[in-house]
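Open the model in your viewer and keep the selection tool at hand. The tour moves from one chain to the next, with a stop at each selection.

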Amino acid sequence: MIIAIPLDETKQDVCVSFGRAPYYLFRNTDTNTDEILTNAAAQAQGGAGIKAAQFVVDQHADTLLTIRCGENASEVLLAAKICIYKAQKGSAADNLKAYDEGKLEKLESFHPGFHGAV
Amino acid sequence: MKIAVLSGKGGTGKTFVSVNLTAVAPHATYIDCDAEEPNGHLFFKPEQTQQTEVYTMIPTFDGTKCNGCRKCVDFCRFNALAFVQGKPKVFPDVCHACGGCALVCPTGAVAEEKRGIGVVSEGLSDGIPVISGILNTGEISAVPVIRAALRAGNGENTVIDSPPGSGCSVMEAVSGADYCLLVAEPTAFGFHNFRMVHKLVSLLHKPFGVVINKTNGVYAPLEEFCANHHTPILLRISYDAKIAEIAARGDIAVTLNPAFAQMFTSLWERIQEEATA
């Protein structure tokens, strides 16, 4: 199983933004390996959430741990049957541990986009 | 001549200036491009209005033709498309209707369908054509509605009441204007946003002048800025509770107050001189 987590500039902590997180951590629980990839959507003029969601889907993630997530992104993620859990502020490692222990709740509320002036 | 009235900050008096200028100008059409909140019709109260629906196009995908190459998704710079569960999915609010996805599709799987996003209302007020662009609530981009409203106006003279701000919808509203009238409020906030539209019309190489509305003495930063940039101040309108009352009632000041009518007639003449100078 692959777990995706948006990371901030430290490459260790969970990023508060889903769409514009600079990096993503992909944890493969079968091989117990981590991969940190740059999120191209971070620089998008618009539709960053959709593009980031596409990125997560294309990395074959099954599960996403995120602090928040927009409506458009959630449509893509849920269509791809990705389970979304609410991450807590702090390190990705702590959140993976909390997920393992069944302490994270499912994220069920998705905010409207923070669309800038278009 | 097409004159666009803009301000940056909302509430400075764009509609007030636009409506009164239209009322004194010869053979003028009023076009309300503040499509998110059109309110010029409250003053003109146009009759026999006709509504024309404004559409934008969104792509539809034929699953039997789509080969899953994702060229459409990769092409879309607005990220309005995603590819999940073996098929493209469009987010209509994010789509800019550029039609690029249909062009790049190698199998002809992309067609376009209409999506209504607002209306253009046309009517007459004492012989003055009044056109309003009205965006549906919740829609993100007013640009197609503004474009349709501008297209509906074809009179000798046109006054375009622009949206507030300095973004895409303002650029669309002023794009075809021969002259831009910047309405400024003599406050720090008003001055800040005035500089933004000043920069915008400068970048667009439009001739422009300034109306300072609701003055109460001289607001030096604004006056100095205009002097330093050789920007003409065409009119200063003093704050006057009586005029505010007329406007709040939904009446047009130049039709009730001869001094005001003279002031706006002079403004119109001054704009003609400035625009042709």
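The stops below cover one chain, then its partner, then the contact between them. Keep in mind throughout that this is a predicted model.

**Stop 1: chain A**

Select chain A and colour it by secondary structure. How many helices and strands are there in chain A? You should find 3 helices and 5 strands. Now trace the chain along its sequence. The order of elements reads β-β-β-α-β-α-β-α.

Next, take in the overall shape. Chain A has a radius of gyration of 13 Å, close to the 13 Å given by the globule rule for 118 residues, so chain A is as compact as a globular protein of that length. Switch to the C-alpha trace and turn it along its principal axes. The spans are about 40 × 25 × 25 Å.

Then colour by burial. Of the 118 residues in chain A, 37% count as buried. Contacts can be viewed by sequence separation too. Among contacts in chain A with a separation of 6 or more, 47% join residues 24 or more positions apart.

**Stop 2: the domains of chain B**

Hide chain A and show chain B. Give each domain its own colour. Domain 1 takes in residues 2-54 + 119-276. Domain 2 covers residues 63-108. Place a marker at the C-alpha centre of each domain. The two centres in chain B are 39 Å apart.

**Stop 3: paired strands in chain B**

Select S3(B), residues 47-61, together with S6(B), residues 110-125. Which way do these strands pair, parallel or antiparallel? They are antiparallel, with 13 bridges between them. For one pair to zoom in on, pick Val54(B). Its bridge partner in S6(B) is Gly118(B).

Stay on S6(B) and add S7(B), residues 128-135. This pairing is antiparallel as well, over 8 bridges. Centre on Gly123(B). Opposite Gly123(B), in S7(B), stands Val130(B).

Now move to the turn of this hairpin. There are 2 residues between S6(B) and S7(B). Click on Asp126(B) and check its backbone. Asp126(B) has a positive phi, near 55°.

**Stop 4: where the chains touch**

Bring chain A back. Select the contact residues on both sides. On the chain B side there are 15 residues, in contact with 16 residues of chain A. Which element gives the largest share of the chain B side? Strand S4(B), residues 81-84, does, with 3 residues. Finally, colour this side of chain B by residue class. The chain B side has 9 nonpolar, 5 polar and 1 charged residues.

Methods
Residues are numbered from 1 along each chain as its sequence is written. Chains are lettered from A and ligands numbered from 1 in the order in which they are written. This is a predicted model: local features need pLDDT of at least 70, side-chain atom pairs count only at pLDDT 80 or more; totals for chains, interfaces and linings use all residues. Two residues are in contact if their C-beta atoms, placed from the backbone, lie within 7 Å. Helices (H or I, at least four residues) and strands (E, at least two) are DSSP runs, numbered from the N terminus. Ala, Val, Leu, Ile, Met, Phe, Trp, Tyr, Cys and Pro count as nonpolar, Asp, Glu, Lys and Arg as charged, and the others, Gly among them, as polar. The radius of gyration is taken over C-alpha atoms; the globule rule is 2.2 Å times the number of residues to the power 0.38. A residue is buried if 20 or more other C-beta atoms lie within 10 Å of its own, exposed if 12 or fewer, and partly exposed in between; C-beta atoms are placed from the backbone. Domain bounds come from an automatic or database domain assignment. Two strands pair if DSSP finds at least two bridges between them.
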